[in-house]
Amino acid sequence: MAGKFITLEGGEGAGKSTNLAFIKDWLEAHDIPFVVTREPGGTKLSEKIRELLLDKSNSNMTTECELLLVFAARAQHIDEVIKPALAEGKWVVSDRFTDATYAYQGAARGLGFDRIKLIEDWVQQGFAPNQTFVFDLPVEVGMQRVRNRGAEIDRFEQEKVEFFEQVRQAYLTRASQVPERYCVLDAAQSLDQVQAHIQYQLDVLVNT
Ligand code: T5A
């Protein structure tokens, strides 16, 4: 039996990594074999591309270069990790996937959804997650959480509030277009409330 593919999406500091750990615990408790991964990244090669994408010193990277690097990393990730794991019946949980490309490169960088769709169709040929959690919260709250964390910021995190407003709206637009795939979570709630919502949704997913 094929596994299920779950992705976590949202703006900076929305709580994806924190709740990835929660989903991991839920899968272990249910004896479901799984792989946890992330984008950009997830394979040795794709992690090298991630470094290029996040490196602040690459300040002259063009938007087209950024887009193609994201999809180059994804092509490798799908082929090397995601599809083989699903074929073995494992669930795959990825911290970000193609919705991030629509939000960051399509909306915030201004390339437009049509161009992203063109490359998505070429690279993924219809392959998409079974369930996408969108962690939605006011941009300023997310940025404050990132600042509180105290780690060094990357090339994306140095963008302005308007950039992340576009990211947020793009996620909400996409979620409203295919509501059966997306679960929009109010990520400004307490962690307990957010995780109760995730757990409810996972309980539904495991029985479908
Ligand atoms: N990118 C990625 C693209 O441009 N295009 C693409 O196609 C893809 C795939 C790297 C960057 O790449 C870009 C987008 C990104 O800028 P990333 O590594 O996922 O992506 O980076 P971030 O989104 O920056 O990840 P963060 O780690 O910053 O955010 P998280 O994972 O959403 O947040 P998390 O879990 O670390 O939480 C942040 C803080 O908030 C607290 C946590 O404890 C933590 O301290 N927190 C809460 N506090 C109170 N209440 C809650 N409910 C909380 N939830 C979390």
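**Exercise 1. The ligand's place**

Where does the ligand sit? Find its place in this predicted model, then describe the residues around it.

*Solution.*
Step 1. Locate the ligand. The largest pocket holds it.
Step 2. Look at the neighbours. There are 28 residues around the ligand, and Glu12, Lys16, Ser17, Thr18 and Arg96 come nearest.
Step 3. Sort this shell by class. Ten residues are nonpolar, eight are polar and ten are charged.

**Exercise 2. Helices around the ligand**

Which helices each supply at least two residues of the shell around the ligand, and which gives the most?

*Solution.*
Step 1. List the helices that supply at least two residues each. They are H1 (16-29), H2 (44-54), H3 (63-87), H4 (98-108) and H6 (139-149).
Step 2. Pick the top contributor. H4 gives the most, with four residues.

**Exercise 3. Polar contacts and burial**

Find atoms of Gly15, Ser17 and Arg145 that pair with the ligand. Then state how much of the ligand the protein buries.

*Solution.*
Step 1. Use the cut-off: a polar contact is a pair of N or O atoms within 3.5 Å.
Step 2. Start with the backbone. A polar backbone atom of Gly15 lies 2.9 Å from an oxygen atom of the ligand.
Step 3. Move to side chains. In Ser17, an N or O atom of the side chain is 2.6 Å from a ligand oxygen. In Arg145, an N or O atom of the side chain is 3.3 Å from a ligand nitrogen.
Step 4. Turn to area. The ligand taken alone exposes 1000 Å², and the protein buries 84% of that.

**Exercise 4. The whole chain**

How many helices and strands does the protein chain have, and in what order do they run? Why can the chain be called as compact as a globular protein of its length?

*Solution.*
Step 1. Count the elements. The chain has eight helices and five strands.
Step 2. Read them from the N terminus: β-α-β-α-α-β-α-α-β-α-α-β-α.
Step 3. Compare radii. The radius of gyration is 16 Å, and the globule rule gives 17 Å for 208 residues. These values are close, so the chain is as compact as a globular protein of that length.
Step 4. Add the extent. The C-alpha trace spans about 45 × 35 × 30 Å along its principal axes.

**Exercise 5. Two backbone details**

Describe the backbone at Pro40 and at Asp31, and place each residue.

*Solution.*
Step 1. Take Pro40. A cis peptide bond joins Glu39 to Pro40, with omega about -10 degrees. Pro40 belongs to the loop between strand E2 (34-38) and H2.
Step 2. Take Asp31. Its phi is near 55 degrees, a positive value in a residue other than glycine. Asp31 lies in the loop between H1 and E2.

Terms used: Residues numbered from 1 in each chain as written. Predicted model: local features only at pLDDT ≥ 70, side-chain atom pairs only at ≥ 80, totals over all residues. Heavy atoms only, no water. Near = heavy atom within 4 Å. Polar contact = N/O pair within 3.5 Å; in protein donor to acceptor, adjacent residues only side chain to side chain. Areas by Shrake-Rupley, 256 points an atom, 1.4 Å probe, with all protein chains shown as cover. 1 Å grid on protein atoms, 1.4 Å probe; cavity = no way out; pocket = protein on both sides within 12 Å on 5 of 7 lines; lining within 4 Å. Sits in = over half its atoms within 2 Å of the grid points. Nonpolar A, V, L, I, M, F, W, Y, C, P; charged D, E, K, R; others polar. Rg over C-alpha atoms; globule rule 2.2 N^0.38 Å.
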